[in-house]
Amino acid sequence: MLRAESFSIKNITMAILALIFFAANSVLCRMALSDTDIDPASFTSIRLVSGAAMLFLLSSLVTAKRKTPEDNCQLLHSAIEHWLAAAMLFLYAATFSFAYLYLDTGMGALILFAFVQLTMFAYGHYREGGASGMEYIGALTAICGLGYLVSPGVNSPNVWGCILMAISGVAWGAYSVLGKEMKVPQLKANCINFRLSLFFVIPFFLLNIPMNTLSQEGVWLAIASGAIASAIGYAIWYGVIQHFKATQAGVMQLSVPVMAAFAGHLLMSESISMRMMISASVILLGIAVTFVGRDRKQSPVT
């Protein structure tokens, strides 16, 4: 049974705060690229650098008194996983930023979230050797919603934006899967992955120097995205996620695209089309059904 403390006001409040930070990433990126002069490459670079700095600080504060020789052995053993995770993190962040040149806040968050969950579903299918009928129904429903969202017609999103955000979602899904397999605590793992991602950021930034543009507002938005919405958001989420069942955590994440769309409409006057509302309802319903099916499959019948 789930512990009673899972439903404490503190855990629920912290989970909601983390979800708000996740939605804020889309808002901050879209705001920076549409309302300031910063370019996507610079935004990505500053975001990852500031995120790495904040996670290093948080990790140092949490683990300063608990380092052991065994920790170093674990880090050495999982070096390949960390480098792969860092590559996925960089790919996610870079395509995320470029996608928001073409997509509204809510649209981008919806596509990102859908592909993250579908990637993790595909991994779960591979890892567990199959899926239940309800999981397949949910996944197919979500795919139909995505198909309708990107189909040609009035109010259809930009194709390149959709492709870039789909790649971003797959990369973030892969990053999440790799995180589940690592033997070190999530905060430390994220700290290592962010630092290693800087090895990809440096050549990426240098190659884009001819097109780089900066503004004070854009830089501060990138720092807020990296240090607060990403680093602190991840730290809070992975700190409270252990108190919730996988289904509960998944259903809670359904709120992220909704919050992002509402914030984009409120702060940047972005429109919310009927196409997006219909497709969002179908996609989120499909993902919710998948979570329920997974929970029933994992829960033994007594």
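This report covers a salt-bridge network and one helix pair in a predicted model.

Residues are numbered from 1 along each chain as its sequence is written. Local features need pLDDT of at least 70, and side-chain atom pairs count only at pLDDT 80 or more.

**Salt bridges**

A salt bridge is a side-chain nitrogen of Lys or Arg within 4 Å of a carboxyl oxygen of Asp or Glu. The count is 2 salt bridges. Arg30, Asp104 and Glu270 are linked in a network.

| Pair | Closest N to O |
|---|---|
| Arg30 and Asp104 | 3.5 Å |
| Arg30 and Glu270 | 3.2 Å |

The Arg30 and Asp104 pair links distant parts of the chain, 74 residues apart. Arg30 lies in helix α1 (residues 9-35), and Asp104 in the loop between α4 (79-99) and α5 (105-128). Helices are DSSP runs of H or I, at least four residues, numbered from the N terminus. Glu270 sits in the loop between α11 (255-268) and α12 (274-298), 240 residues apart from Arg30.

Arg30 is buried (under 20% relative accessible area, 1.4 Å probe, protein chains only), at 14%. Glu270 is buried too. Asp104 is partly exposed (between 20% and 50%), at 29%.

**Helices α8 and α9**

Helix α8 (residues 186-207) packs against helix α9 (residues 216-240) at about 155°, with axes 9 Å apart. The axes are lines fitted to C-alpha atoms over the stretch in contact, and angles run from 0 to 180 degrees between N-to-C directions. The two helices are therefore roughly antiparallel, a term for angles over 145 degrees.

In α8, Gln186, Leu187, Asn190 and Phe194 meet Ser230, Tyr234, Ala235 and Tyr238 of α9. Contact means heavy atoms within 4.5 Å.

Conventions: Heavy atoms only, no water. Parallel < 35°, antiparallel > 145°, perpendicular 65-115°, else oblique.
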